[in-house]
Amino acid sequence: MTKFSHQEAKDRFDRYYEGDLPAAEQRAMDGHLASCAECREEYQRLVQALGALSRLRATHAPEGFLDGVQGRIRKRSRGRFFGRRPDFTSRLPYEVLSVVMLIAILAIFLYVFLGKGGGVIAR
Ligand SMILES: [Zn+2]
């Protein structure tokens with residue numbers, strides 16, 4: 001049966017953790033960790049660190065985190081970014097505005113032109 005030295009064991013901690021070792025090396029690692037307190041401790045620290053990292057990945061931002069970040073950016077940029085209430089016209093695309101204006105002009109034109117016989121316009 002294969003036996004690992006400290007260094008050989010430590011070199012294989014990550015692959016042992018991933019279950020990525022050949023069966024014989026896996027057994028040798030089991031054997032070394034069972035008999036060596038130093039490596040067992042170090043391996044436990046690695047497992048805890050990796051476990052903490054994987055928990056971090058799954059953690060969600062606390063409530064209000066986004067608002068807080070945006071608020072801070074707004075404050076430091078003096079309102080240039082994430083302004084509280086951008087006025088409506090600055091956000092309306094000009095294309096939409098021009099179409100609306102054309103429709104309004106057409107409506108006024110038709111109202112005036114067709115309204116001639118209807119007694120709408122005083123003469
Ligand atoms: Zn050892």
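This report describes a predicted model of a protein, from its overall make-up to a few single residues.

## Overall make-up

The protein has 123 residues. Its secondary structure consists of 7 helices and 0 strands, so read from the N terminus the elements run α-α-α-α-α-α-α. Of all the residues, 6% count as buried. Among contacts between residues at least 6 apart in sequence, 45% join residues at least 24 apart.

## Confidence in the model

The average pLDDT of the protein is 85, and 83% of the residues score at least 70. Confidence is highest in helix α3, with a mean of 95. It is lowest in helix α6, residues 88–91, where the mean is 61.

## The nonpolar core

The largest nonpolar core has 6 residues: Ala9, Tyr16, Ala28, Met29, Cys39 and Tyr43. Helices α3 and α4 each supply at least two residues of this core. Helix α4 covers residues 37–58, and helix α3 covers residues 23–35.

One of the core residues, Tyr16, is in contact with Leu21 and Met29 when its neighbours within four places in sequence are left aside.

## Ala9 in helix α1

Ala9 lies in helix α1, which spans residues 6–11. Is Ala9 buried or exposed? It has 23 other C-beta atoms within 10 Å, and a residue with 20 or more is buried, so Ala9 is buried.

Not counting residues up to four places away in sequence, Ala9 touches Phe4, Met29, His32 and Cys39. Two of these, Met29 and Cys39, belong with Ala9 to the largest nonpolar core. Tyr43 is also a member of that core; the C-alpha atoms of Ala9 and Tyr43 are 9.5 Å apart, although 34 residues separate the two along the chain.

## Helix α3 and its two faces

Helix α3 has 13 residues. From its first C-alpha to its last it reaches 19 Å, close to the 18 Å expected at 1.5 Å a residue. Which residues of α3 are buried? They are Ala28, Met29 and His32. Seen down the helix axis, these buried residues fall within an arc of 100°, so they line one face of α3. An α-helix has 3.6 residues a turn, so residues three or four places apart point the same way. The face of α3 turned away from the buried side carries the exposed residues Ala23, Asp30 and Ala34.

His32, on the buried side, has 22 C-beta neighbours inside 10 Å and therefore counts as buried. Leaving aside its neighbours within four places in sequence, His32 is in contact with Phe4, Ala9 and Cys39. His32 and Ala9 are 23 residues apart in sequence, while their C-alpha atoms are 7.2 Å apart in space.

## Leu50 in helix α4

Leu50 is found in helix α4. It has 14 other C-beta atoms within 10 Å; because this count lies between the limit of 12 for exposed and the limit of 20 for buried, Leu50 is partly exposed. Leu50 and Tyr17 are 33 residues apart along the chain, and their C-alpha atoms are separated by 9.3 Å.

## Helices α5 and α7

Helix α5 spans residues 65–76 and has 12 residues. The distance from its first C-alpha to its last is 17 Å, close to the 16 Å expected at 1.5 Å a residue. Helix α5 is hardly covered, as its count of buried residues is 0.

Helix α7, residues 94–114, has 21 residues. At 1.5 Å a residue α7 should span 30 Å, and its end C-alpha atoms are 30 Å apart, which agrees. Helix α7 is also hardly covered: among its 21 residues the count of buried ones is 0.

## Arg78, after helix α5

Helix α5 is followed by Arg78, which sits in the loop between α5 and α6. Most residues other than glycine have a negative phi. Arg78 is not a glycine, yet its phi is positive, about 55°.

How many C-beta neighbours does Arg78 have inside 10 Å? The count is 8, and a residue with 12 or fewer is exposed, so Arg78 counts as exposed.

Notes:
Residues are numbered from 1 along each chain as its sequence is written. This is a predicted model: local features need pLDDT of at least 70, side-chain atom pairs count only at pLDDT 80 or more; totals for chains, interfaces and linings use all residues. Helices (H or I, at least four residues) and strands (E, at least two) are DSSP runs, numbered from the N terminus. Two residues are in contact if their C-beta atoms, placed from the backbone, lie within 7 Å. A nonpolar core is a set of buried Ala, Val, Leu, Ile, Met, Phe, Trp, Tyr and Cys residues joined through C-beta atoms within 7 Å. pLDDT is the predictor's confidence in each residue, from 0 to 100. The expected span of a helix is 1.5 Å times one less than its number of residues. The arc is that of the directions from the helix axis to the C-beta atoms.
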